[in-house]
Amino acid sequence: MSTENHSQSPLPPHSGGESLRKPRVAVVFGGRSSEHGISVVTAGAVLRAIDRTKYDVLPIGITADGRWALTGDDPDRMAIADRTVPDVSRLAESEEGGVVLSVDPGSREVVYTEPGAVPKALGEVDVVFPVLHGPYGEDGTLQGMLELAGVPYVGSGVLASAVGQDKEYMKRIFISFGLPVGPYTVLRPREWEQDASAARKKIIDFAADHGWPLFVKPARAGSSIGITKVDDLSGLEAAIEEAQRHDPKIIVEALVRGREIECGVLEFEDGPRASVPAEIPPVSSHDFYDFEAKYIDSASGVVPAPLTDEQTAEVRRLAIEAFDAASCEGLVRADFFLTEEGRFVINEINTMPGFTPISMYPRMWEESGVGYPELVDRLIQAALNRSTGLR
């Protein structure tokens, strides 16, 4: 993979005449969720990998308060440094300028505006590569806007993106398709508002049925942000407060004893295929595979996972079934537990998984024969060849 420092101009020119120009890819990253910084890291890796002989690239960062901003095309500034994740506000070309994408399906024009200045047309975008993680980006909201605008984009559509973000409805769909799911319960905002004591008792009764520890999670967050492993009743209140800092709706899951196994799904011309699986071994300094273990301490998975041929075939089959059950497109990382009894239980899917070259999804595909630049190119080409709208 090339490590050259690409031009930092925020306005990459189209090449040649209109009929001969290269497709323009808008890489959109950052966003309003708690996974903002990890999205920026992912964007840096994608920008570095895109073949500039085939595509023009327009980096667009979304600040934590929702402003769309032009950023320099400089992947080196998008890495984690000194245990600190990057931020779009520090990458933006202007503190006030903004990017506007037309929602007229007859136009894919992008316009740059600054206070007191004439808006500047940046030309059309042919495809969007949204590397946003979490709410307001990975959850169907951005996908809906791009559908209205008639702009093709990488990854799943509105429904699958929303399902992939909401752990409750994801599990409900998996159950309806006969996929094995671990025990869980959900607490919605209205339950807390109407009777907080009854809501807490619901969790306590769940623990009585399934035992401690429990995992208390925001229902619509990712990257293990806001998750607490609760060993007994004394830690429950703090865990609930931490989850609700990220989402008023929380999900509580029972411990599934076993090994953590992941599998990547990628859509090819003949349909989705599954990668070799990976295993996430326990991290001695962490209670579970949390945010710090994933991104700061760089805990590494084992690829391929040490499984039998039968187990590998089974988890690959289940990963594709999960992809199809949620009507996914493009890519998915499916996360499983292999129980002590030898049964696979699906934990969740990620419709835009971590996507740096050292992330598990690209590593699994590298081991399966699809290198990182080819993976990025396949996703862009698939999006260019797929129409928006009902399909």
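The legends below describe close-up views of a predicted model.

**View 1. Packing of helix H6 against helix H7 in the predicted model.** Helix H6, which spans residues 196-210, packs with helix H7, residues 236-244, at an angle of about 115°, and the two axes are 12 Å apart. That angle makes H6 roughly perpendicular to H7, and the crossing in which H6 passes H7 is right-handed. On the H6 side the contact is made by Arg-200, Ile-203 and Ile-204, while H7 contributes Leu-236, Glu-237 and Ile-240. Sorted by class, the residues of this contact of H6 with H7 comprise 4 nonpolar and 2 charged, with no polar residue among them.

**View 2. Packing of helix H1 against helix H11.** Helix H1, residues 36-49, and H11 pack at an angle of about 95°, with their axes 9 Å apart, and the two helices are therefore roughly perpendicular to each other. Ala-45, Val-46 and Ala-49 of H1 form the contact together with Tyr-372, Pro-373 and Val-376 of H11. In the contact of H1 with H11 there are 6 nonpolar residues, and neither polar nor charged residues take part.

**View 3. Helix H10 and the elements that cover its buried residues.** Within helix H10, which runs over residues 360-367, the buried residues are Met-360, Tyr-361, Pro-362, Met-364 and Trp-365. The cover over these buried residues of H10 includes four strands and a helix, namely strand E12 (258-268), strand E13 (271-274), strand E14 (278-280), strand E15 (331-339) and helix H11 (372-384). Just after H10, the backbone at Gly-369 takes a positive phi of about 100°.

**View 4. Surroundings of Glu-253 in strand E11.** Glu-253 belongs to strand E11, which covers residues 250-254, and this charged residue is buried because its relative accessible area is 6%, below the 20% cut-off for burial. Its side chain makes a polar contact with the side chain of Lys-217, at 2.7 Å. When neighbours within four places in sequence are left aside, the residues in contact with Glu-253 are Lys-171, Pro-183, Tyr-184, Phe-206, Leu-214, Phe-215, Lys-217 and Asn-347.

**View 5. Cis peptide bonds before Pro-213 and Pro-304.** Trp-212 and Pro-213 are joined by a cis peptide bond with omega of about 0°, and Pro-213 is found in the loop between H6 and strand E9 (214-218). A cis peptide bond also joins Val-303 and Pro-304, where omega is about -5°. Pro-304 has its place in the loop between helix H8 (291-296) and helix H9 (309-325).

**View 6. Positive phi at the non-glycine residues Arg-83 and Ser-327.** Although Arg-83 is not a glycine, it has a positive phi of about 60°, and it lies in the loop that runs between strand E3 (68-70) and strand E4 (98-101). With a relative accessible area of 53%, Arg-83 is exposed. Ser-327, likewise not a glycine, has a positive phi of about 60° and lies in the loop between H9 and E15. The relative accessible area of Ser-327 is 43%, so this residue is classed as partly exposed.

Technical notes:
Residues are numbered from 1 along each chain as its sequence is written. This is a predicted model: local features need pLDDT of at least 70, side-chain atom pairs count only at pLDDT 80 or more; totals for chains, interfaces and linings use all residues. Side-chain values use heavy atoms; hydrogens and water are left out. Axes are lines fitted to C-alpha atoms, for helices over the stretch in contact, and angles run from 0 to 180 degrees between N-to-C directions. Angles under 35 degrees count as roughly parallel, over 145 as roughly antiparallel, 65 to 115 as roughly perpendicular and the rest as oblique. A crossing is left-handed if the near helix is turned anticlockwise from the far one by less than a right angle, and right-handed if clockwise. Contact means heavy atoms within 4.5 Å. Buried means under 20% relative accessible area, exposed over 50%, partly exposed in between (1.4 Å probe, protein chains only). A polar contact is a pair of N or O atoms within 3.5 Å; within protein, one must be able to donate a hydrogen and the other to accept it, and residues adjacent in sequence count only if both atoms are side-chain atoms.
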